[in-house]
Amino acid sequence: MGEAAVKDQPAAAVAGAQPGRLSALGEFCRRHDVLFPEAIWFLAHVVFDLLIVLAWIVSDVPQAPKYLTVNLCSMAAILILRPAMLKADGGILWILRHWYPVTFYGVFFIECGALVPALNPRDYDAQLAALDARLFGTLGTAFMARIHHPALSEFLQFCYASYYFLPVVAGGQIMARRGNKPLADGIAMISVAFYGSYAGYFLCPAVGPRFFPPFHD
């Protein structure tokens, strides 16, 4: 088989793997001009909407109607604008088409605050603290208390806040240096990381050492 024929085959087939769900998703995206971040965003939207409905039914979460309205209206707006975004060769619609999945990281994060305790009310802070102690010989909060300084706290707070802006900064650098395709691939990976962390919230809820300092008597 010639080199050109190999290049024309999907990566999974070249590697000898059977076509799976990921390759099917890739084929769908190619046929309908859907970027991978858009597909991941849509799947995350569906999952979160189902979780909102479940929390509304099971725990009567008061924020559920508002969250569901925001999600459905935003999805409808994107679908309505999509034909224009596909035709755009620049401008705000072109930017929106490539970047709108990023804007929903914060929306879904806020929704986790009400959905997680409604669907999985148990906290695992004690178990996680015990695991820290076994792995490192002490608790992270106890160690940091020994070297605490207001300037260090401000610096670490800045580092934490930058976490929300890094995808935009990194994406802008990728777009400027490498182009649209690497940008879409980068946003897709970041999206999987964000939504994977949100899944962790539901599977192993914890308020964190900031609100759970077990080393205090």
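Helices here are DSSP runs of at least four residues, numbered from the N terminus. The model is a predicted one, and on that numbering V169 sits in helix 10, which covers residues 166-178. V169 also helps make up a nonpolar surface patch of about 820 Å². Its partners in that patch include F109, I110, Y160 and Y201.

Helix 6 spans residues 91-119, and its 29 residues stretch 41 Å from the first C-alpha to the last, close to the 42 Å expected at 1.5 Å a residue. Even so, helix 6 bends by about 55° at W99, with a proline, P101, following within four residues.

On to the charged side chains, where the count of salt bridges comes to three. E38 pairs with R82, their closest N and O atoms lying 3.0 Å apart. That contact ties together distant parts of the chain, with E38 in helix 4 (residues 36-59) and R82 in helix 5 (residues 64-87), 44 residues apart. E38 forms a salt bridge with R97 too, at 3.3 Å between the closest N and O atoms. Here the link runs from helix 4 to R97 in helix 6, across 59 residues. E38, R82 and R97 thus belong to a network of salt bridges. E38 counts as buried because its relative accessible area is 4%, under the 20% cut-off; R97, at 8%, is buried as well, and so is R82.

K181 and D185 form another salt bridge, with 2.9 Å between the closest N and O atoms. The two are four residues apart in helix 11 (residues 180-203), so about one helical turn separates them. K181 is exposed at 58% relative accessibility, while D185 is partly exposed at 31%.

Definitions and conventions
Residues are numbered from 1 along each chain as its sequence is written. This is a predicted model: local features need pLDDT of at least 70, side-chain atom pairs count only at pLDDT 80 or more; totals for chains, interfaces and linings use all residues. Side-chain values use heavy atoms; hydrogens and water are left out. Patches are made of residues with over 30% relative accessible area and no salt bridge: like charges are joined within 9 Å, nonpolar side chains (Val, Leu, Ile, Met, Phe, Trp, Tyr) within 5 Å. Accessible areas come from the Shrake-Rupley method with a 1.4 Å probe; for residues, only the protein chains shown count as cover. A salt bridge is a side-chain nitrogen of Lys or Arg within 4 Å of a carboxyl oxygen of Asp or Glu. The expected span of a helix is 1.5 Å times one less than its number of residues. The bend at a residue is the angle between axes fitted to the seven residues ending there and the seven starting there. Buried means under 20% relative accessible area, exposed over 50%, partly exposed in between (1.4 Å probe, protein chains only).
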